[in-house]
Amino acid sequence: MHASAALNRIKPSATLAITTRVQEMQRAGVDVIGLGAGEPDFDTPDFIKEAGIKAIRDGRTKYTNVDGTPELKEAVRLKFRRDNALDYALDQITINAGGKHTLFNAMAATLDPGDEVIVPAPYWVSYPDVVLYAGGTPVFVRAGADQGYKLKPDQLEAAITPRTRWLILNSPSNPTGAAYGEAELKALGAVLERYPHVWIFADDMYEHIVFDDFHFTTIAQVCPSLHDRTLTANGCSKAYAMTGWRIGFAGGARWLIKAMAKLQSQSTSNPCSIAQAAGVVALTADQAFLKDHAALFQRRRDLVVSMLNQATGITCPRPEGAFYVYPEFSALIGKTTPGGKTIATDEDFIAYLLDDARVAAVQGAAFGLSPAMRISYATADDLLRTACERIQTACGALR
Ligand code: PLP
């Protein structure tokens, strides 16, 4: 027996690896601050937990429809209407075991060898690997800090070939927090209108975590001509602090939704019945508390951006959303640590931060754009402040 060729094309998630490493260090008594995790630090709201408990008590513990209960699909339909002015019928909606599963189903259900998927870099770590596992070829387009970490229309046009099947558009972005405004989406949409063979995977997982007066919109909403070839993907994980419950969902073309359900019927079957019942309550409750979460993250963003920009050699853009910053540090490459090691790559810098400053971030190399790092600020304010002070000290000690 040996690992399959498909498995050998992919690598384990770098962000999950960092989280595991931090947990090991903390268990060993090391005072390390983990800024690697991609999940809110607060608990699932009580009223959602209660809905899960009630579902168990009510015996909602059996198989459900393969790609979601009618109740949850109805709640998702309402959500898309309420938040995105998008109209999907129930058979245009799929429920999956988390947003990653939505991505996996969509790619595995549509890609053949040689098919290309445009992935703006820096990207969420799972995009390239899921595409590769499904047999496709990720086509990376560099969207650096100089362009706000956002894909430009001319870059998109240059990347499209006859083999392009999908464009993956993630806004607000993991790992940069950058979010596309309506005009930016329309400009990309104008290019896509000329290439009807290209579909759009719109990953809106961080929709509700946006700051200042940023107004969230999604491409199917602002470019109605693209509605029929856009899969609008979202989920409960980040907005409702429900990462462990595993509820992702999407709206899109009937045949695609059906194809994804076919795959799901022979892989995971339905997402957890209890989590689905809780998802209905999360999506249909008064959504006002989401603004409180966003306000909390905005305060932390301001703290982290300000403190990191005071660290020698680090430049930290100010993101519109999510709970990540993506500072770059080309000025530190070539420097020497107090222990005599040369910082040649962002991996070296991350190792230095972990060993000397006891701060765990994730190297930009994992997200396809170096030298940089992703810092998650979904952590208590005092820990964030201490972590940033440690980074400032570590940067100051480089020669
Ligand atoms: N999309 C983006 C951009 C993400 O960052 C994540 C999680 O990190 C997901 C989708 C998937 O979330 P989950 O599978 O936990 O629901």
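Let's go straight to the ligand. Of the 13 residues around it, the ones that come nearest are Gly-99, Asp-203, Ser-237, Lys-238 and Arg-246. Please keep in mind as we go that this is a predicted model.

What is the make-up of that shell, in terms of nonpolar, polar and charged residues? The shell around the ligand divides into four nonpolar, five polar and four charged residues. And where does the ligand sit? You'll find it in the largest pocket.

Now for some polar contacts, and there are three I'd like to show you. Ser-237 places a polar side-chain atom 2.6 Å from an oxygen atom of the ligand. For Lys-238, a polar side-chain atom lies 2.7 Å from a ligand oxygen. Asn-174 also has a polar side-chain atom by a ligand oxygen, at 2.8 Å. How much of the ligand does the protein cover? On its own the ligand has 390 Å² of accessible area, and the protein covers 92% of that.

Let's move along the chain to some backbone geometry. As a reminder, most residues other than glycine have a negative phi, and most peptide bonds are trans. With that in mind, have a look at Ala-241. Its phi is near 50 degrees, a positive value in a residue that is not glycine. Ala-241 belongs to the loop between strand 7, residues 230-235, and strand 8, residues 248-251.

Then we have two cis peptide bonds to visit. One runs from Ala-121 to Pro-122, with omega near 5 degrees. Pro-122 lies in the loop that links strand 3, at 116-121, and helix 6, at 126-133. The other runs from Ser-370 to Pro-371, and here omega is near -10 degrees. Pro-371 is in the loop between strand 11 and strand 12.

Those two strands bring us to my last stop, a sheet. It is an open sheet of three strands, in the order 9-12-11, and the pairing is antiparallel. Which strands stand at the edges? Strand 9, residues 324-325, and strand 11, residues 362-363, are the edge strands; each has a single partner, so one side of each is left without a neighbour in the sheet. Strand 12, residues 373-376, pairs with strand 9 in the antiparallel sense over two bridges. If you'd like to find that pairing on screen, look for Tyr-324, which stands opposite Ser-376 in strand 12.

That's my tour, friends. Thanks for listening, and I'm happy to go back to any of these spots!

Conventions:
Residues numbered from 1 in each chain as written. Predicted model: local features only at pLDDT ≥ 70, side-chain atom pairs only at ≥ 80, totals over all residues. Heavy atoms only, no water. Pairing = 2+ DSSP bridges. Helix = DSSP H or I, 4+ residues; strand = E, 2+ residues; numbered from the N terminus. Near = heavy atom within 4 Å. Polar contact = N/O pair within 3.5 Å; in protein donor to acceptor, adjacent residues only side chain to side chain. Areas by Shrake-Rupley, 256 points an atom, 1.4 Å probe, with all protein chains shown as cover. 1 Å grid on protein atoms, 1.4 Å probe; cavity = no way out; pocket = protein on both sides within 12 Å on 5 of 7 lines; lining within 4 Å. Sits in = over half its atoms within 2 Å of the grid points. Nonpolar A, V, L, I, M, F, W, Y, C, P; charged D, E, K, R; others polar.
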